[in-house]
Amino acid sequence: MKLIFLISLVSGVVWGAEVIKVGSDSRMVAVSHDVTRRWQLNDKLCVVKDGKEFACGNVIRVKENFCILRLKEGSESIARGDKVIASTPIKKPAILVEPEIVTSSLPITKEPFHLLTLSGTVGLSFLYPSLHFQRIVEPEFALGVMPSYLNINSSTKSLNSISILLTGNFYPKGFFKELWIMVAGGLAFMSSSTGSIEQQSTELQVLLTGGYRFKLDIGVVVGLAAGFQYLGDPEFSSLNLKGTGFKPLVLVDFGVNF
């Protein structure tokens, strides 16, 4: 026999929702919808421990069978199956509701927190490959590190360099999707050898790019971006470098997120 619940004009504590997944960042949890309503964007919810509100936050994304809740403070003690309630009364008209069965095995799409790509950066007078590792710190923001091998052609000589850049990445759609803006900065460790003359220098390197990231059906993530690079001039006596100063560039990368 099916149960029928009468919901009052002002509902207080609701016990139909629960944690169904905890992200690698414990501040991000997936929560099933309540049996009487679907959670809405910016709803304030709390995880319940021992009958008390334990950790609270706001809904930042709503899916068909669940929502993503970002807690103000994460905790390793939050686990799958913990009850979730609305922290403030939710007003709704009195209706008869036939409850659905809510289980912790509802299918959800796990949002990736990491991205690893192999990049190729091309300018008017330089070409270098690099690796780029990023990690989500907020749904729209990721921090990364980008080690690079730089090859700059001059009029008569060549120069090799190893760069280590720290990156800040902004994705308005969240979790490495679509529009992508990157700011990167770090140091390029240069060395040159011309005959018996050997020279070394450490120079500032900065990148600023904007582009778009695609996710292919085969699981590969592709990024296309354009912008500018600044590379300090080491002022080597035997080299006339063309890739220093402010230069336009195009960046293409391929990788996977997980």
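This is a walk through the fold, the salt bridges and the aromatic pairs of one protein chain. The model is predicted.

Start with the fold. The protein chain has 18 strands and zero helices. It runs to 258 residues, of which 43% count as buried. Among contacts with a separation of 6 or more, 59% are between residues 24 or more positions apart. The exposed surface of the protein chain is about 13,900 Å², and 60% of it comes from carbon and sulfur atoms.

Next come the charged side chains. Side chains of opposite charge can pair when their charged atoms come close. The structure holds six salt bridges. Two of them share Glu-138: one joins Glu-138 to Arg-27 at 3.2 Å, N to O. Glu-138 sits in strand β12 (residues 126-138) and Arg-27 in the loop between β3 (17-22) and β4 (28-32), so this bridge ties together parts 111 residues apart in sequence. Another joins Arg-70 to Glu-138 at 2.9 Å, N to O. Arg-70 belongs to strand β7 (residues 66-71) and Glu-138 to strand β12, so here the parts tied together are 68 residues apart in sequence. Arg-27, Arg-70 and Glu-138 are thus linked in a network of salt bridges.

How exposed are these residues? Glu-138 has 23% relative accessibility, so it counts as partly exposed. Arg-27 is at 25% and is also partly exposed. Arg-70 is partly exposed too, with a relative accessible area of 25%. Now turn to Arg-37 and Asp-43. Their side chains meet in a salt bridge at 3.1 Å, N to O. Arg-37 and Asp-43 are both buried.

The rings come last. The count is six aromatic pairs. One of them is Phe-113 with Phe-175, edge-to-face, with 5.7 Å centre to centre and 75° between the planes. This pair links distant parts of the chain, 62 residues apart. Phe-113 is in the loop between β10 (96-97) and β11 (114-123), and Phe-175 is in the loop between β14 (158-170) and β15 (178-194). Both Phe-113 and Phe-175 are buried.

Tyr-171 and Trp-180 pair in another way. Why does this pair count as stacked? The ring planes of Tyr-171 and Trp-180 are at 5°, with the centres 6.5 Å apart. Planes under 30 degrees apart count as stacked. Tyr-171 is buried, at 0% relative accessibility. Trp-180 is buried as well, at 1%. Tyr-171, Phe-176 and Trp-180 form one aromatic cluster. A charged residue joins the picture at Trp-180: Arg-213 lies over the face of the Trp-180 ring, 4.0 Å from the ring centre.

Notes. Residues are numbered from 1 along each chain as its sequence is written. This is a predicted model: local features need pLDDT of at least 70, side-chain atom pairs count only at pLDDT 80 or more; totals for chains, interfaces and linings use all residues. Side-chain values use heavy atoms; hydrogens and water are left out. Rings of Phe, Tyr and Trp (its six-membered ring) pair if their centres lie within 6.5 Å; planes under 30 degrees apart count as stacked, over 60 as edge-to-face and the rest as tilted. Helices (H or I, at least four residues) and strands (E, at least two) are DSSP runs, numbered from the N terminus. Buried means under 20% relative accessible area, exposed over 50%, partly exposed in between (1.4 Å probe, protein chains only). A charge sits over a ring if NZ of Lys or CZ of Arg is within 6 Å of the ring centre and within 35 degrees of the ring normal. Contact means heavy atoms within 4.5 Å. Accessible areas come from the Shrake-Rupley method with a 1.4 Å probe; for residues, only the protein chains shown count as cover. A salt bridge is a side-chain nitrogen of Lys or Arg within 4 Å of a carboxyl oxygen of Asp or Glu.
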